[in-house]
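Q: Please take a close look at a single part of this model and describe its surroundings in a connected account. A formal description, suited to work at the bench, would be welcome.

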Amino acid sequence: MAQIQESPAVTLDDVLAELLERRQEFRDQRYVSRDFVGRLKAAGVYRSATPERFGGRPLPPAEFLRMVERISVVDGSTGWVASFGSALVYLAALPVETQAELYADGPDVCFAGGLFPVQRAEPTASGFLVEGRWKFASGCMGADILGVGIPGDDTTAGKPRTALLRPGQVEIVQEWDVVGMKGTGSFDLVVDKVEVPREWTFIRGGEPTIDEPLYRYPTLAYASQVLAVVGAGVARAALDFATEVGSGRSGVTGAPKLADRAYYRTGLAEAEATMRSARAYFYEVTDEAWQTVLSGDPVAPHQNAHLRLASTHLAKTAAETVNRVIGLSGTGAIATSHPLQWLLGDALVPQQHAFLGPAMYDAAGAVLMGHPPTVPGFQ
């Protein structure tokens, strides 16, 4: 289980400095090493959504999102894994007694889930007999607790459950061959007939049993935000790279350096303005929703729609920004070893996620015009 960290043993700056040296290691092995997950714990990442009553330090969403964004500037894969420090908001729907057991060894718990495809689980007298194979369990190699998706029933309004298991109850199959976020360790989880007590299952986005402000913030909107902001960090890395390289490198043909070319200066300035605008909208609506929570009011449907819309727009804009920087960068950027190719792959992944796909524009637009959302699970 998680190790107790009474106070951050290292600063985030310490962690980022180490990450700069190790990011290629994580990419090559296709996952973030468990010892580095421990470093993220020591910096407070994995207590950021743990209930305060169990020793956590739940952060306002914008504060956590900015932390994930900073990590993602250095390495998108590690930012993606760190983003699941927010996933403990899901676990707030567990019975309080279960949460007390979950956090018995300390608040720094790393959760990873392979929730789809939902697999049939036979009901038992005390819970469910879980068996099957699930995809995309990002961060599973360093996780303390793992979740898999099973069907709901009459008590869940048809929504699927997540069943929690210890790592020793799960086989991890290392299938993850992708163009971006190569270091996330988004492997398959295989479970062979393990009985999971009902009290160790929850509905994703279900009503929390903990009454603290963070758990009144829209859960599924937050889940989309923590992924979108990874793309923002990757785009920032691309813009910073383009600014630095453009200022000092001449072309291979002996042509003027990039910063001396009007199209490069103009294109980079436009990309900077576009990216910062999307980011400003994202954090603006985050702060507005959080202030609503702190005032004791529920987040309104239109506020939730803006959270989902801003997340989708940020992920899309981030991918477009990296692509635009490559378009400005000349022949060198076509090499597979070029840093921008790494960033291009990483920026692609958030916008491809189901939470951030183009259908979210339609769903948000419907809600903003007073209609029901067009996407299930939108709010």
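A: In this predicted model, T201 lies in strand β8, which covers residues 201-203. The relative accessibility of T201 is 5%, which is under the 20% cut-off, and T201 therefore counts as buried. Two polar links involve the side chain of T201. One is a polar contact of 3.1 Å with the side chain of R161. The other runs to the backbone oxygen of R198, which the T201 side chain reaches at 2.7 Å. When neighbours within four places in sequence are left aside, T201 is in contact with L94, F128, R161, T162, A163 and V196. R161 thus appears both as a polar partner of the T201 side chain and in the list of contacts.

Two of these contacts, F128 and V196, lead to a pair of strands. Strand β3 comprises residues 127-137 and strand β7 comprises residues 187-197; the two pair in the antiparallel sense over eight bridges. Within this pairing, L129 stands opposite E195 of β7. In general, the strands of a sheet pair through backbone hydrogen bonds, in either a parallel or an antiparallel arrangement.

Strands β3 and β7 belong to an open sheet of four strands, ordered β2-β3-β7-β6, with antiparallel pairing. Its edges are formed by β2 (121-123) and β6 (171-173), each of which pairs on one side only. From one strand to the next, the twist averages 15 degrees.

A further point concerns the cysteines. A search of the whole structure finds zero disulfides. C110 is in no disulfide, and the nearest cysteine sulfur, that of C140, is 9.6 Å away. That separation exceeds the 2.5 Å within which two cysteine sulfur atoms would be counted as a disulfide, so C110 and C140 are not joined. C110 counts as buried because its relative accessibility is 1%, and C140 is likewise buried, with a relative accessible area of 3%.

Another buried residue is G76, with a relative accessibility of 2%. G76 is found in helix α4, residues 76-83. Apart from neighbours within four places in sequence, G76 is in contact with M181, V230, V234 and D346. The C-alpha atom of G76 is separated by 30 Å from that of G132, a residue 56 places away along the chain.

Terms used:
Residues are numbered from 1 along each chain as its sequence is written. This is a predicted model: local features need pLDDT of at least 70, side-chain atom pairs count only at pLDDT 80 or more; totals for chains, interfaces and linings use all residues. Side-chain values use heavy atoms; hydrogens and water are left out. Two strands pair if DSSP finds at least two bridges between them. Axes are lines fitted to C-alpha atoms, for helices over the stretch in contact, and angles run from 0 to 180 degrees between N-to-C directions. Buried means under 20% relative accessible area, exposed over 50%, partly exposed in between (1.4 Å probe, protein chains only). Contact means heavy atoms within 4.5 Å. A polar contact is a pair of N or O atoms within 3.5 Å; within protein, one must be able to donate a hydrogen and the other to accept it, and residues adjacent in sequence count only if both atoms are side-chain atoms.
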